[in-house]
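Visitor: I am new to this structure and should be grateful for a formal introduction to it.

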Amino acid sequence: MKINTKKILAIIILFTLGIGIGMTIFEKPQLSQATSGNDLVEINSVNPDTNVVTKTAIEKSLYKASKRLKIGTAIKSKNLESESYKAVLNQNFNLVVPEYEMKWYQIQPEINKYNFSVMDKIVEYAKLNDKEIYGHTLLWYRSIPSWVEPYLNSLPEAQRGQALKTILKDFITTIVNRYKDVVKSWDVVNEVLEDFSRAKTPPSIYRTDNIFDKYIGSKDEYNIPEYIKLGFQYAREADSKAKLFYNDYQVEYYNSVEASYGGSIKSENMYNMVSGLIKMGVPIDGVGIQSHVTNSEKLDKQAFTKNNIQNYPLYKTMDAYNKLGLEVKITEMDVAVYQENSTTVNPEKLLEQANTYQNYLLVCILFDNCTSFTVWQFSDNFVWYGKNFPGKKEDYHPNIFDRKYNPKPAYFALLKTLSEN
Ligand code: XIL
């Protein structure tokens with residue numbers, strides 16, 4: 001047999017490259033959208049049990065590649081005016097989350113005035129395009145309308161706590177009722193746990209910088225602030241069937257040494273709070289792990305497989321909530337890769353970003369109680385970071401598509417992970 005050394009060499013190089021970068025993706029010659037309606041990508045998958053490599057051509061669609069999980073993204077109603085935005089959205093996601101359209105300040109800009117117009121645009125889009133909507137969010141210290149505090153202060157001090165409960169109940173009841181037929185799950189309570197990236201002495205478990213703490217304040221059995229229970233109760237009274245979630249960030253480090261910022265304290269605090277709520281009979285169905293990964297220095301050097309991911313922080317966290325009988329959602333994932341020149345990002349960093357996205361998704365796939373995987377916007381055009389993030393928003397590149405809607409390595413890593421698992 002004649003040995004073609006050039007061919008063998010080429011195969012070896014290609015194979016090594018494939019293993020080296022953790023995934024091999026060959027873009028097929030573009031099939032025309034007009035004739036196929038599809039955009040295919042060919043993926044080389046290595047089976048972690050057998051090491052057998054298989055080649056598959058799959059459609060570039062995250063949700064179509066997903067066997068069980070809903071694949072979501074946050075959107076703004078305004079984004080729906082852009083055809084190029086909508087093309088990527090329609091193709092890849094079957095769940096949408098309003099980025100601000102359901103927040104209290106937006107829905108109730110004045111004490112006696114409700115405004116549903118922007119949220120209704122998202123509902124109309126979702127119905128027309130068969131997308132699920134995840135409700136976000138009913139009780140959050142950062143979405144309080146500006147009239148609330150002056151209104152409370154206009155009342156005698158002794159009445160303020162009760163007045164806050166009354167207006168909060170009114171808001172929750174109104175919005176949950178209005179969107180009952182399209183919103184089946186809600187982030188009910190968002191971010192009440194103290195953030196240990198901000199040094200606090202002595203550290204408190206719950207945030208104290210907000211009106212709920214200031215005016216309601218009282219703690220229940222298990223030392224949990226009463227407003228948390230009330231949020232869930234008001235939502236349950238408004239919809240007996242909706243799934244109700246607690247949602248927070250930097251809470252995926254349960255029992256983990258590799259924890260972020262203040263260690264795994266916030267993660268333990270969330271677990272303890274949620275266990276307490278369950279014991280108290282508070283109607284909570286699950287937790288949302290936001291998954292804003294903001295520390296570029298701590299991105300994953302390795303993409304794990306189902307055989308070696310058991311010590312990954314999110315895996316341990318998911319396992320803990322699984323044992324509590326709770327549903328879990330990855331609700332707001334993005335992964336910051338800080339680099340000052342926004343047109344070029346270090347390819348190694350992009351790969352670490354891809355690994356991180358991939359590891360989170362893989363954990364979610366492996367646990368039946370994890371039901372959706374959502375990113376917080378999908379293009380680097382839309383970065384939400386506020387004043388706590390120094391520098392320009394454009395320097396963070398946290399999403400899975402670039403500013404021109406080209407898929408980044410993270411996108412292909414997600415696609416591949418969904419199609420293989
Ligand atoms: C952010 C939105 O993306 C911004 O557009 C808005 O100005 C502020 O809120 N955690 C949450 C989300 O739960 O509601 C936040 O969204 C991002 C952090």
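Guide: A polar contact is a pair of N or O atoms within 3.5 Å; within protein, one must be able to donate a hydrogen and the other to accept it, and residues adjacent in sequence count only if both atoms are side-chain atoms. The model is predicted, so local features need pLDDT of at least 70 and side-chain atom pairs count only at pLDDT 80 or more, while totals for chains, interfaces and linings use all residues. Residues are numbered from 1 along each chain as its sequence is written, and side-chain values use heavy atoms, with hydrogens and water left out.

Visitor: How far does a polar side-chain atom of Glu191 lie from a nitrogen atom of the ligand?
Guide: The ligand has such an atom pair with several residues, among them Trp376, where a polar side-chain atom lies 2.9 Å from an oxygen atom of the ligand. For Gln290, the distance from a polar side-chain atom to a ligand oxygen atom is 3.4 Å. For Glu191, the partner is a nitrogen atom of the ligand, and the distance is 3.0 Å.

Visitor: What share of the ligand's exposed area does the protein bury?
Guide: Accessible areas come from the Shrake-Rupley method with a 1.4 Å probe; for residues, only the protein chains shown count as cover. Taken alone, the ligand exposes 410 Å². The share of this area that the protein buries is 85%.

Visitor: Which residues come nearest to the ligand?
Guide: A residue is near a molecule or strand if one of its heavy atoms lies within 4 Å of it. There are 13 residues around the ligand. Those that come nearest are Glu99, Lys103, His136, Asn190 and Glu332.

Visitor: Which residue is joined to His136 by a cis peptide bond?
Guide: Most peptide bonds are trans. Here omega is about 0°. The partner lies in strand β6, residues 132-140, where helices (H or I, at least four residues) and strands (E, at least two) are DSSP runs numbered from the N terminus. The residue joined to His136 is Thr137.

Visitor: How many helices and strands does the protein chain have, and what percentage of its residues is buried?
Guide: The secondary structure comes to 14 helices and 12 strands. Buried means under 20% relative accessible area, exposed over 50%, and partly exposed in between (1.4 Å probe, protein chains only). Of the 421 residues in the protein chain, the buried percentage is 54%.

Visitor: Why does Glu352 count as buried?
Guide: Glu352 is placed in helix α13, residues 347-366, and its side chain is joined to that of Lys349 by a polar contact of 3.0 Å. Leaving aside neighbours within four places in sequence, Glu352 is in contact (heavy atoms within 4.5 Å) with Ser296, Leu299, Asp300 and Lys301. Glu352 counts as buried because its relative accessibility is 6%.

Visitor: What distance separates the C-alpha atoms of Ala354 and Phe412?
Guide: Ala354 also lies in helix α13, and it is buried because its relative accessible area is 1%. Its contacts, leaving aside neighbours within four places in sequence, are Pro409, Ala410 and Ala413. Ala354 and Phe412 are 58 residues apart along the chain, and their C-alpha atoms are separated by 8.1 Å.

Visitor: Is Asn255 buried or exposed?
Guide: Most residues other than glycine have a negative phi. Asn255 has a positive phi of about 55° although it is not a glycine, and it lies in the loop between β8 (243-248) and α11 (265-279). With a relative accessible area of 52%, Asn255 is exposed.

Visitor: Is His397 buried or exposed?
Guide: His397 has a positive phi of about 45° and is not a glycine. The place of His397 is in the loop between β12 (370-375) and α14 (409-420). Because its relative accessible area is 3%, His397 is buried.

Visitor: What is the relative accessibility of Ser291?
Guide: Ser291 is found in the loop between β9 (286-289) and β10. Not counting residues up to four places away in sequence, Ser291 touches Glu252, Ile330, Glu332, Met333, Asp334 and Tyr360. Ser291 counts as buried, at a relative accessibility of 0%.
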